[in-house]
Protein chains: 2
Amino acid sequence: MSTQDRLIESTRALLWERGYVGTSPKAIQQHAGAGQGSMYHHFSGKPELALAAIRRTADELRALAEQQFSGPGTALERVAAYLRRERDVLRGCPVGRLTQDPDVMADPELRRPVDETFAWLRERLAQVLAEGVERGELTGLDPVATASTVMAVLQGGYVLARAAGSTAPFEQAVDGVLALLATHAA
Amino acid sequence: MSTQDRLIESTRALLWERGYVGTSPKAIQQHAGAGQGSMYHHFSGKPELALAAIRRTADELRALAEQQFSGPGTALERVAAYLRRERDVLRGCPVGRLTQDPDVMADPELRRPVDETFAWLRERLAQVLAEGVERGELTGLDPVATASTVMAVLQGGYVLARAAGSTAPFEQAVDGVLALLATHAA
DNA sequence: GTCTATAAGTTGATAGAC
DNA sequence: GTCTATCAACTTATAGAC
C-alpha cells in the first residue's frame, strides 16, 4: 500500500472513531507512519484528505449494501439480509457518524457524499420494497415511507447500541421492525 | 440567571451543536459572557461542566417524553404523539448526539446519564405498548422489541434528516413506522 | 517524495491580583 | 467571585533542505 493510500485508510479509521473535529493531521500521520512533509505533499490539507476518505467509505458502503439488495430471495428476505448483515454495531455507521460532525456538514464538498449515499440507499430500498409489492410478496405498505423507516431503524439502532454499550437494543430494534413487516407478507 | 447557570446553559447549547471534542472552555466562556477565572471558580474543568450540562439535558428530555407517554389517548395515539411532538429535527437529539462523542463514551461519569436516559425511554415505551396490548388496543406485537424499534426510528430519523439537510426523511420514517403499527391496532 | 524547522493560534488549565 | 497573566502542549499549516 502506498503512503497516499495509508494516509487515506488512516483518515478513514480515525474519522470513524473520533470524527472530523477530533482527528488531527498529526494523529493521521502517526497512524499512517508518515511524516508531516509527506502528508502535505500528497494532500493540500485536512479537508482534502477527509474528502478522499469519506468518498472511499461511502463507495464501500454502497457496494456492500447492493450485495444484499441484489441478492436472492423475496423483498422481505433481502431487507432482512441487509438489516442482519454482519456489522460492527458498537462502532456505528461510518457514514451516519459524519452527520454529527458540524465541520463536515458545513462544507458542501464533504457533505455531498454523505447526502448522496443516504439518498441512494433510500431509493434502492424503496425499489426493493416496490418490487415486493409488485410481485405480490408484500401488501398494504408504502415503499418510500417504509424505506425511510428501515434505514432509520438501522441508523437509530447504532445510536441505541452505543448508548447502552451493548448490541442488544440494535438487535431488538431490527427484530421489531422485521416482525412489523412480516405482517404485510403475503 | 447566575453566572453558574449561564455557563451550564452555554455548555448545553455548544455540546448539542459541536459535541464535547468540538467545544472548548474558551468558547463556553465567550457564549456565557464569563471570564476564564469565573469558569474555573465554579467548575473544576471541562468534564465537570459537561457533566452538569448533560444531566440537565437528560432530565429535560425525560420530562418532555413523559408528557406524551402519560397523556390522553390509546397506546398507539400516545406513541404517535411522542414521535410527532414538535422537534427541532435538523438539530438532532441532544442526548443521542453524545453517543458519537468518543471522549464522552470513554468517561463512565459522562456516559451514565446517556445510558440511563435511553434505558428509561425504552422501558417506558415498552410499558405504554404493553398497556395497549393488555387493554386490547394492540395485538400481535412484542412490546419490548417494538419499543426499541420506535426509539430507533426516532434516533435514525434525525440522522437521515441531517444527512439530507431536510426534515422529509424523518417524517417519512415516522409515517412508515406508524403505518406498520396501525396494522396491529384492534 | 520525505524530512526537519518554524510559526501563529488554540486548548485546557494554574497562579495570583483585586 | 471575577480578572489578567502565564503555561505546556497541540493544531494546522508553510518553508526549505535533502
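Hi everyone. A helix here is a DSSP run of H or I of at least four residues, and a strand is an E run of at least two, numbered from the N terminus. With that in hand, chain A of this predicted model comes to nine helices and zero strands. Reading from the N terminus, the order is simply α-α-α-α-α-α-α-α-α. If you want a feel for the dimensions, the C-alpha atoms of chain A fill a box of roughly 60 × 30 × 30 Å along the principal axes.

Let me turn to what the records say. UniProt, in an unreviewed entry, gives residues 1-61 of chain A the annotation "domain: HTH tetR-type". In the model, that stretch is 77% helix and 0% strand, and its end C-alpha atoms sit 21 Å apart. The unreviewed entry also lists residues 24-43 of chain A as "DNA-binding region". Those residues are 75% helix and 0% strand, with 14 Å between the end C-alpha atoms.

Now for the two chains together. How are chain A and chain B related? A rotation of 180° with 0.0 Å of shift along the axis superposes chain A on chain B, at an RMSD of 0.0 Å. That is the relation of a two-fold axis. And which residue of chain A comes closest to that rotation axis? For chain A the answer is A:Gly156, whose C-alpha is 1.9 Å away.

On to the DNA, beginning with strand C. There are 13 residues around DNA strand C, and the nearest are A:His42, B:Ser24, B:Pro25, B:Gln36 and B:Lys46, so please notice that both chains appear in that list. Looking at the strand's own atoms within 4 Å of the protein, 59% belong to sugar or phosphate, and the rest belong to bases. Several contacts go to the phosphates of strand C. An N or O atom in the side chain of A:His42 is 2.8 Å from a phosphate oxygen of DNA strand C. For A:Gly35, a backbone N or O atom lies 3.0 Å from a phosphate oxygen of that strand, and a polar side-chain atom of A:Thr3 lies 3.2 Å from one. The elements giving two or more residues to this surface are helix H3 (36-42) of chain A, plus helix H2 (25-32) and helix H3 (36-42) of chain B. H3(A) gives the most, with four residues. Sorted by class, the surface near DNA strand C has two nonpolar, nine polar and two charged residues.

Next, strand D. Here 14 residues are around the strand, and A:Pro25, A:Gln36, A:Lys46, B:Gly37 and B:His42 come nearest. Of the atoms of DNA strand D within 4 Å of the protein, 57% are in sugar or phosphate, with the rest in bases.

What does the side chain of A:Gln36 have 2.7 Å away? It is a base nitrogen of DNA strand D, at that distance from an N or O atom in the A:Gln36 side chain. The phosphates of strand D have partners as well. A side-chain N or O atom of B:Ser38 is 3.0 Å from a phosphate oxygen of DNA strand D, while a backbone N or O atom of A:Pro25 lies 3.3 Å from a phosphate oxygen.

Which elements build the surface near strand D? Helix H2 (25-32), H3 and helix H4 (46-69) of chain A, together with H3 of chain B, each supply at least two residues. H3(B) gives the most, with five residues. By class, the residues of this surface divide into three nonpolar, nine polar and two charged.

Last topic: the empty space inside. Rolling a probe the size of a water molecule over the atoms shows where empty space is left. How many cavities of 30 Å³ or more does the count give? The count comes to two.

The largest cavity holds about 150 Å³ of space. It is lined by 18 residues, and those closest to its centre are A:Gln100, A:Val159, B:Thr99, B:Gln100 and B:Val159. Helix H8 (143-164) of chain A and helix H8 (143-164) of chain B each supply at least two residues of that lining. By class, the lining of the largest cavity has six nonpolar, nine polar and three charged residues.

The second largest cavity holds about 100 Å³. Its lining has 18 residues, with A:Arg18, A:Asp101, B:Arg18, B:Arg97 and B:Asp101 nearest the centre. The lining of this second largest cavity divides into six nonpolar, six polar and six charged residues.

To pull up on your screens as we talk, I'd suggest two views. One is A:Gln36 with its base nitrogen partner on DNA strand D. The other is A:Gly156, beside the rotation axis at 1.9 Å. Thanks, everyone!

Definitions and conventions. Residues numbered from 1 in each chain as written. Chains lettered and ligands numbered in written order. Predicted model: local features only at pLDDT ≥ 70, side-chain atom pairs only at ≥ 80, totals over all residues. Heavy atoms only, no water. Polar contact = N/O pair within 3.5 Å; in protein donor to acceptor, adjacent residues only side chain to side chain. Nonpolar A, V, L, I, M, F, W, Y, C, P; charged D, E, K, R; others polar. UniProt positions renumbered as here; feature names shortened; annotations may be inferred. 1 Å grid on protein atoms, 1.4 Å probe; cavity = no way out; pocket = protein on both sides within 12 Å on 5 of 7 lines; lining within 4 Å. Points joined across faces, edges and corners; volume = space filled by probe spheres on them. Least-squares fit on C-alpha atoms with pLDDT ≥ 70 in both.
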